Amino acid sequence: MRLFISALLLALRLVAAEDGSAAWLRYAPVPHAANTSRITPSEIVALNSTKSSPVYTAGQELQRGIAGIFGRKLNVSAQASSALSTIVVGTLETFTDAYGDFDEAEDLEEDGFFLCATGDKVVIVGQNERGALYGAFEYLSRLAQGHISSVSFISNPSAPIRWTNEWDNLDGSIERGFAGPSIFFRNGFVVDNVTRVAEYARLLASIRINGIIINNVNADVQVLSARNIEGLARLADVMRPYGVQLGISLNFASPEDFGKLNSYDPLDPKVDAWWANVTNQIYAKVPDMAGYLVKANSEGQAGPLTYNRTLADGANMFARAVEPYGGVVMFRAFVYDNHINETDWKADRANAQLEFFQNLDGKFNDNVVVQIKYGPIDFQVREPASPLFSALHHTNTAIELQITQEYLGQQCHLVYLAPLWKEILEFDLRADGRPSKVKDIVSSERFNRPLGGYAGVVNVGTNSTWLGSHLAMSNLYAYGRLAWDPSLESEAILQDWIRLTFGFDQKVLNTITDMSMKSWPAYENYSGNLGIQTLTDITYTHFGPNPASQDNNGWGQWTRADKFSIGMDRTVNNGTGNAGNYPPEIANMYENIETTPDNLLLWFHHVPYTQRLKSGKTVIQHFYDAHYEGSAVAQTFVKQWESLKGKVDMERYEHVLFRQVFQAGHSLVWRDSINEFYHNLSEIPDDLRRVGNHPYRLEAEDMRLVGYKPYSVSPFETASGYTAIVTTSNSSVGVATANITFASGTYDVAVNYYDLIGGKAQYHLEIGNRTIGAWTGDLEDKLGHTPSIYLDGHSATRITFKGVEVRRGNMVKITGQPNGIEPAPIDYISFLPPGIVD
Ligand code: GCU
């Protein structure tokens with residue numbers, strides 16, 4: 001009977017809609033629950049009954065989890081019990097008080113836990129309260145994945161700081177957020193309803209994240225208003241039961257812009273006193289505040305350099321203020337001049353971190369942590385590890401990773417990021433000729449520092465999926481797991497996440513694993529290769545392709561591409577000297593073109609397009625091939641996902657399918673734009689004659705146009721044939737017609753068009769007087785990426801109608817009804833024979 005009920009529950013769970021809000025904490029019944037339920041304990045003892053205690057939370061969570069997984073509601077009590085069949089959870093202190101000493105106690109480190117599960121007896125002991133909660137989540141994660149074998153182990157964190165950064169603005173918008181408005185702020189203030197913040201803290205606690213910086217690094221001084229400080233207290237109150245501490249980003253100019261002082265000089269005693277006072281006020285309301293995050297002298301933000309003070313002077317000012325409370329200051333190393341001059345061959349933004357921070361090594365207080373983005377520039381699809389990690393031996397450091405996919409498809413492209421992060425974390429910088437993996441530097445171990453750790457830019461929003469995409473949640477999950485234990489393998493983490501998120505079906509596991517593990521290489525292949533950076537539009541949305549935007553501006557994300565050659569010469573011998581920022585063994589590797597890995601060739605070297613890679617291909621042919629290969633892989637994701645129909649609940653199935661179809665189409669926009677751009681620039685043909693040659697396309701500008709006119713798209717490479725069509729007025733319908741010259745047969749008919757923000761144009765496609773489809777240009781409501789008001793690589797997209805019967809001579813007719821500023825733009829129509837991707 002039990003078996004039957006479990007099977008029924010399972011079936012119900014499969015068809016029941018899931019909106020993603022439960023993420024990996026679904027506690028779905030496990031298929032063999034009937035067998036395992038008899039060995040789960042019959043009562044829970046949580047050795048703390050104070051509701052704000054993470055130990056109390058642990059008791060509640062165990063109750064909830066076991067109810068979900070086994071359908072049995074266990075009692076929770078705070079009294080030690082001698083019953084044989086219990087789950088006991090407590091801190092080292094409360095546990096030993098109640099049950100006496102135990103052997104493993106000495107090996108527990110801060111936030112660590114001991115988990116021993118043997119049959120009906122489960123003991124979870126945290127070094128502190130948070131650790132106890134982590135142990136409870138670990139036990140539940142095992143049960144939820146069907147791992148019920150006996151275990152006994154200690155788990156300690158790799159690093160004390162495991163925080164998220166949220167780039168939320170007080171008005172409720174989120175910088176580089178792709179999942180709707182803020183869960184923390186609205187209309188200038190902390191939100192009234194903090195339920196979702198509590199849910200977020202729960203989610204983070206389950207992956208052992210212990211701090212959240214809740215507001216944008218480009219900080220608004222008003223976060224310090226009395227009403228907002230009250231609000232911070234409310235947020236901290238709901239996060240506290242999960243052991244997640246709250247922190248805030250500060251605007252360096254606050255003393256002047258908010259406090260009405262006439263200075264924000266960090267060495268001015270008035271300024272110092274002002275910050276001490278503000279800090280005291282906050283700690284009075286949030287006694288366990290984690291600390292501050294500061295972006296100073298970066299991208300227009302104020303900082304100490306204005307007063308000729310050092311960045312360390314600036315950081316230490318905050319450090320003094322939070323020190324009495326045990327607070328930490330995360331001081332960002334993302335400091336650079338965004339007005340550098342490309343005509344200077346030696347200029348290099350990638351050198352900025354070292355230029356600004358190297359000489360300050362040892363000058364930061366012990367409660368300051370320098371927070372360093374993983375690479376020297378800015379979250380690109382491929383960067384070498386920042387050399388700053390190896391240059392600071394007497395300074396605490398943390399690595400900054402980006403979960404929100406700012407430059408990596410903005411949650412509209414599947415990109416599983418753990419493999420990228422692992423490459424950086426496992427990279428051995430060989431400081432002083434000794435093993436110096438990035439993960440061992442930021443853990444604080446390598447240079448024997450008191451602090452170190454991880455900052456992950458997450459930017460969750462109010463969307464029920466948290467990140468705007470179900471599959472993107474593997475990145476948040478992996479971030480927490482790696483921050484705790486960076487030696488874990490990306491695929492193993494992923495598979496835990498899949499089982500917890502989608503259940504046990506082997507095909508689901510294999511398929512999502514395969515898609516995810518192929519996703520970063522695919523994205524790199526169809527965006528920027530060989531270390532040239534993502535090649536997205538760096539001055540606008542950071543979403544679609546625009547290679548030209550990298551150069552001829554002061555931002556320093558240059559490619560230095562001209563007709564003959566491409567890449568940044570970062571050698572010491574002839575270039576910007578950046579290679580020499582690394583310890584000698586690494587510097588020598590990057591200095592020499594022969595020993596530089598192909599995937600970073602153009603990061604370190606300026607070479608002709610005809611330069612041969614280790615593979616034997618030229619740089620340009622590699623570009624062409626990689627773009628075809630990467631976008632071909634993105635097409636397979638659709639089929640792979642479709643093969644899971646019926647195995648994943650409909651709500652999530654449809655949601656993911658929509659995104660995979662979008663990605664498949666947009667990967668072609670990427671492929672064609674990048675290939676066309678470099679083909680046009682270098683005038684070197686593709687060996688396989690694919691680039692610029694599209695035999696299955698009917699260009700919209702070549703059709704008979706009534707109410708439509710040709711339009712030269714900018715950047716040119718984001719339109720097939722450089723030209724699209726737009727309606728001649730923004731109110732009346734446009735019609736484009738043509739007679740089909742392709743052989744009669746069955747085709748997938750794909751229409752490439754542009755979907756801009758600011759209007760919802762409507763389209764109607766007919767072939768031989770039959771309606772093939774109708775759609776609306778409303779992706780801005782459905783996708784969440786930063787939209788565009790132009791026809792460009794961000795708005796370019798594709799819709800495909802499968803298996804359409806076409807006769808030679810049939811008329812194809814496309815009707816566009818403009819709306820708002822969207823002039824129903826169309827680029828081309830492809831008639832794709834089975835198996836062809838044009
Ligand atoms: C990137 C990003 C900005 C952000 C900045 C930062 O440049 O585009 O939105 O403010 O990084 O990390 O400070």
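In this predicted model, D496 is buried, with a relative accessible area of just 15%, because anything under 20% falls on the buried side of the cut-off. The residue sits in helix α16, which covers residues 490-502. Setting aside the neighbours within four places in sequence, D496 is in contact with Q145, Y477 and R481. So the surroundings of D496 include residues that come from elsewhere in the numbering.

Burial also shows up for a whole strand. In β16, which runs over residues 452-457, six of the six residues are buried, so this strand is largely enclosed by the rest of the structure. Strands pair up with β16, too. Strand β7 (residues 161-165) is joined to β16 by five bridges, and the two run parallel. Within that pairing, R162 has Y454 of β16 as its bridge partner. Strand β15 (residues 396-402) also runs parallel to β16, this time with six bridges. Here A398 is matched with G453 of β16.

Next comes a sheet at lower residue numbers. This one is open and has six strands in the order β2-β1-β3-β5-β4-β6, with mixed pairing. At its edges are β2 (75-77) and β6 (151-155), each of which pairs on one side only. Direction ignored, neighbouring strands of the sheet are turned by 10° against each other on average. Inside the sheet, β4 and β5 (residues 121-126) run antiparallel and are joined by six bridges. One bridge to look for in the structure links C116 to V123, its partner in β5. When following such a strand by eye, it helps to know that side chains in a regular strand alternate between the two faces of the sheet.

Two helices lie across this part of the fold. Helix α3 (residues 54-70) lies across β1 (43-46), β2, β3 (86-91) and β5, and runs at about 155° to β3. Helix α4 (residues 92-99) lies across β1, β3 and β5, at about 125° to β3.

What about the empty space inside? Rolling a probe the size of a water molecule over the atoms shows where empty space is left. The structure turns out to hold eight cavities of 30 Å³ or more. The largest cavity has a volume of about 120 Å³. It is lined by 13 residues, and the closest to its centre are A117, Y139, L143, I148 and S149. Two elements give two or more residues to this lining, namely β4 (113-118) and α5 (129-144). Strand β4 therefore turns up twice in this account: it is joined by bridges to β5, and it helps to line the largest cavity. Sorted by class, the lining of the largest cavity has seven nonpolar, five polar and one charged residues.

Pockets come next. The largest pocket has a volume of about 850 Å³. There are 36 residues in its lining, and those closest to the pocket centre are V638, V661, A664, T800 and K802. The elements that each supply at least two lining residues are α20 (619-642), α21 (650-682), β24 (745-754), β26 (770-776), α22 (779-782) and β27 (796-806). Helix α21 gives the most, with nine residues. By class, the lining of the largest pocket has 19 nonpolar, eight polar and nine charged residues.

Finally, a few spots in the backbone deserve a look. Most residues other than glycine have a negative phi, and most peptide bonds are trans. Against that background, the peptide bond from S714 to P715 is cis, with omega near 0°. P715 lies in the loop between β21 (708-712) and β22 (723-727).

Two residues catch the eye for their phi values. N187 is not a glycine, yet its phi is positive, near 50°. This residue lies in the loop between β8 (185-186) and β9 (189-190). N187 counts as exposed, because its relative accessibility of 59% is over the 50% cut-off. R208 is not a glycine either, and has a positive phi of about 65°. Its place is the loop between α6 (195-206) and β10 (211-213). R208 is buried, because its relative accessible area of 9% is under 20%. So the two loop residues with positive phi differ in their burial: N187 is exposed, whereas R208 is buried.

Methods
Residues are numbered from 1 along each chain as its sequence is written. This is a predicted model: local features need pLDDT of at least 70, side-chain atom pairs count only at pLDDT 80 or more; totals for chains, interfaces and linings use all residues. Side-chain values use heavy atoms; hydrogens and water are left out. On a 1 Å grid over the protein atoms alone, a cavity is a set of points where a 1.4 Å probe fits but cannot get out, and a pocket is an open set with protein on both sides within 12 Å along at least five of seven lines; lining residues have an atom within 4 Å of a point. Grid points are joined across faces, edges and corners, and a volume is the space filled by probe spheres set on the points. Helices (H or I, at least four residues) and strands (E, at least two) are DSSP runs, numbered from the N terminus. Ala, Val, Leu, Ile, Met, Phe, Trp, Tyr, Cys and Pro count as nonpolar, Asp, Glu, Lys and Arg as charged, and the others, Gly among them, as polar. Two strands pair if DSSP finds at least two bridges between them. Axes are lines fitted to C-alpha atoms, for helices over the stretch in contact, and angles run from 0 to 180 degrees between N-to-C directions. Contact means heavy atoms within 4.5 Å. Buried means under 20% relative accessible area, exposed over 50%, partly exposed in between (1.4 Å probe, protein chains only).
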